[in-house]
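User: I'd like to learn how to read a few features of a protein model. Could you walk me through them?
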Amino acid sequence: MAEMRCPMCGKENPAELERCQHCQARLRPLETPAPHEPGQEATGPATPPGGEVPDWLGSFRQVDEGAAAPLETEESATEAGEAEALALGEEELPEWLRSEEAPPSPAGEPEGASPGDLPEWLAALHLESEEASMSPPVRYDDGPPPHPGDQEPDWLRDLRQRQGVEKFTPQLAEEAEEQAADQVPEAQNAPPKAEEAAPQETQEPSEGITDWQHILDQDQPPAKAETPAPRAPGEGELPAWLGEIKAAGAPTPAGPEGKAETPLEPAAEGEEETPGWLSRFEGSPALILDEEEQAALAAEAPLPAAEVEAVTPAAFSSEEPPQAEIPSSVPPFIFEGEDLFIGGVPDWLKAADEEAPMESAPEESAPDLAPAELPTWVEAMRPARLAAAGPSILDESEKEVEGAGPLVGLRGVLPVEPEVARLKKSSLSVRLQIPEKQAERIAILESLLRTEGKTAPAREKPAAATQNILRVLIFLVLALAAVLSLLGLGGQAGLPQFPAPVFDASQAVNAIPGGAAVLVAVDYEPAFSAEMDAAAAPLLDHLMLKGAYLTLVSSLPTGPAQAERLVKGVSLRAGHHYQDSGQYANLGYIPGGTSGVLTFAEIPQAALPFAADGSRAWEGEKLRSIRSLADFALVVVLTESPEVARAWIEQAQPLLGTTPMVMVTSAQAEPLVRPYYETTPRQVTGMVAGLAGGAGYERILSRPGLAAGLWGAFGNLNLAAVAIMLVAGLVNVISGALARPRSGGSEEKL
Amino acid sequence: MSLAGLNLAELAGAVCGLAFTLAVFSYLLGDNPLFRVAIAVFVGVTAAYALVVTWYNVLWPQLVIPLLSGSRSELFFALAPVGLSLLIFLKAFPKWSSLGNPAMAFLVGVGAAAAIGGAVLGTLIPQANASINLLDVQAAGQSGMPWMIKLAEGTVILVGTLSSLVYFHFGSRRAPGEPPRRSEAIGVVSWVGQLFIAIAFGVLFAGVYAAALTAFLERVQSILAFFLPLLATP
């Protein structure tokens, strides 16, 4: 699909569109006016069918009517598509030029203001346009156009009258041009693209340019194909207003009082004819300076002609936006040195110049600062070219010159189009300088990310794994040892010696009076029943022998059932016939965990007002006098958990006073509860730990029970386990020794 | 004891015990449905029993009965926990969960106070005193222990305690151009602490092994007690 470039924004659009889809500018002109012959007066722009000339545009045409001889551009082959007549008509104007669709009005100005509400200067243009007829485009081939004379706009006339300046004449323009020609430095090369765009525009004016651009370019000769040579001052295709700038040099603020007019440099002969709307300014004074300023201005170096020529109307119609080479065509409005002051640099400023420049001040003020050492990852992020480049602050001369839009040719303005729209090659390298180590880590990370989510194929499990075989084998060995021991085939094993904590526990039970109330807290899980029953049974048997009134509680929900089963089992085996009616009371479950234990220790009757069976146990004879735990003769805690044991010791033991506390624990909790037995004074009076503690207690009582029945098998199983460990360790050592010579030095270290 | 002397409930219990014991032993062959069934039944029965005990032992006598037929003071003391319990129930609804914050704060605060107070008064202070008294040679004479042995025992305990605490010190110094590392002195002391920690873990493991071995023996004994009468019965 054919595409054409918008003359305003430079973006691509389909060829069949009439307006640009980005900026709504017209892509094709409405009419193509006939080319003018040299010497012929401008016949004026063709009136667009059915439309009036806009006011502002008509005022520009007024200047053309006053031109004595239209400027003629160099003869060149022109194609159909010469600049259209000035009379674009409303429907041919870009949207923003139309009065109906005017751009948003500035602040303070109501939108859709009627011509009557327009500013004075714009209203003057409007009036002038009504009077003006369709004036032919002005040709600038024959030198500067004559002064508009009576057709001069009112505002300009008023301005001149106010300043007391005579009318600008062509002679004055020529003189100013001659003066400026001597001072224009060698022009730089005109931007090739701008020059190339001109022939493109003249050759194909119907594509990508608006009508008013045609008017600007209608008489401009097509540029040559070769790169134009640097233009000398005064030569080349200069519009009138640019020629004026060149003649005047750098502009200075003009005073409104009694300043002489400085004529603008008109377009010299052979130059490209300036468009109509610019021609009216050729004879108009742009700057009003006095004689001294004029002399100083004449002594200044005028603008390079090439730079001025580069900013031609052709640039507006170029298909491609001007590139970065254009900035050299128009020098910035910057003064340097003595040029700024017409009467010379004042003394106070000279004295300031003699001081150290500001740019070097920061450098000189801190000479002893060592450059910071940046880490490698920060250095890697530094752009390659930027690292070698100098200061990042651009000079004025390096600022980009606007290449599109109405501000074409000016430096330092905000770009019309965003940077992203410009197809400009970046001068900075975005490639990071990655060290080797980081590159390796990057590769590792990438491989990890690639394999993430990918499931590795499951290894087929062998039907009989080595670990399973060993596990079953060990079980069979232990089970055999247990069966044989329990059947009495493993020999009889004597009860162990009782340790000191067990003896102290038995002494504590011996010290209670007969029939005294003893608190028994059954706080072990059913899974540990085998060991805990074997450890607690001899102590309970001892308490039953003393006739103690057992008060059963538990901080576990399964504790009451455990307690009930324990008491009944001990009673049945030992033949005590303990009954729950008068020999023990099961108070049930203490809710709240640690807080519940503390509550029960402080106010036991309020914490558990009812027994597990719902009866009021505290009204019984034995418990009626109990107000706190200190009223019990002994407190026994049965638990396999070190945390529960610590909770009873920390919460209840401080409130016991002289009442002793005995712990019956599992073998796994003994190392953690033993420190409470070793304190001085002892927080735990006695301890019975595990099967060994129970067996020792049975030895003290000389009443074999559960512990004695399991002790022999326990010992045999321990022997079997030790044998298994020795054999397995031996096998491991032998296999490791045999495996080492095979691999030799190539064995990988894990 | 023979199976003939057991009533129906006891016999059923024995049979169930045997079945579940064998189901748990089946884990030797790996995870299997029998083991899962046994575990599920155990967890379910424990939860159900806990629910029943909580209702009959706590909620019914201490909450419902006072609300229904209690005196004015009992009713008043029962309304406070009822109100707080209802506020805690609102935590299950996101829209009203903020209303349960005061009750939760009360629970957490009381629990924390009890735990912290007990830990300080029941463990930290007494254990610190005990550690100090380890090197009391006069107390050793009262207990009948030779003072040399008492002193050596106290020294070993003190060295073990301090070296174990130093082992968990992870501070280090950073030298320029070198990776951070601990000082040599701390490294040596922490190595000694590693030995004591390893011995402590070994003792704990031995206790766990002993408890498990006892449970295994008891189960084997119960299996034998179930089958032997059957075998002995003519």
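User: Let's start with cysteines. How far is the sulfur of A:Cys20 from the closest cysteine sulfur, and in which residue does that one sit?

Analyst: Keep in mind that this is a predicted model. The test for a disulfide is two cysteine sulfur atoms within 2.5 Å. For A:Cys20 the closest cysteine sulfur belongs to A:Cys9 at 3.6 Å, so the pair is too far apart for a bond. A:Cys23 has its closest cysteine sulfur in A:Cys6, at 3.4 Å, again too far for a bond. Searching the whole structure gives zero disulfides over all chains.

User: Are A:Cys20 and A:Cys23 buried or exposed?

Analyst: Under 20% relative accessible area counts as buried. A:Cys20 has 1%, so A:Cys20 is buried. A:Cys23, with 31%, is partly exposed. For the chain as a whole, 45% of the 750 residues of chain A count as buried.

User: Now helices. How do I describe two that pack together?

Analyst: Two packed helices are described by the angle between their axes and the distance between the axes. Here, helix H23 (residues 642-651) of chain A packs on helix H4 (residues 101-133) of chain B at about 80 degrees, with the axes 8 Å apart. H23(A) and H4(B) are therefore roughly perpendicular to each other.

User: Which residues make the contact?

Analyst: From H23(A) come A:Arg646, A:Glu650 and A:Gln651, while H4(B) brings B:Ala114, B:Ala115, B:Gly118, B:Ala119, B:Gly122 and B:Thr123. By type, the residues of this contact are three nonpolar, four polar and two charged.

User: How many of the ten residues of H23(A) are buried?

Analyst: Eight of them, so H23(A) is mostly covered. Among the buried ones are A:Trp648, A:Ile649, A:Glu650 and A:Gln651.

User: What about the backbone? Which residues other than glycine have a positive phi?

Analyst: Two to look at are A:Gln24, with phi near 65 degrees, and A:Ser702, with phi of about 60 degrees. A:Gln24 sits in the loop between strand S2 (12-14) and helix H1 (55-65) of chain A and is partly exposed at 38% relative accessibility. A:Ser702 lies in the loop between helix H25 (690-701) and helix H26 (706-743) of chain A, and A:Ser702 is exposed, at 59%.

User: And where is there a cis peptide bond?

Analyst: Look at the bond from A:Thr680 to A:Pro681, which is cis, with omega near 0 degrees. A:Pro681 belongs to the loop between helix H24 (670-678) and strand S10 (686-689) of chain A.

Terms used:
Residues numbered from 1 in each chain as written. Chains lettered and ligands numbered in written order. Predicted model: local features only at pLDDT ≥ 70, side-chain atom pairs only at ≥ 80, totals over all residues. Heavy atoms only, no water. Axes fitted to C-alpha atoms, helices over the stretch in contact; angles between N-to-C directions. Helix = DSSP H or I, 4+ residues; strand = E, 2+ residues; numbered from the N terminus. Parallel < 35°, antiparallel > 145°, perpendicular 65-115°, else oblique. Contact = heavy atoms within 4.5 Å. Nonpolar A, V, L, I, M, F, W, Y, C, P; charged D, E, K, R; others polar. Buried < 20%, exposed > 50% of the residue type's maximum accessible area, 1.4 Å probe, protein only.
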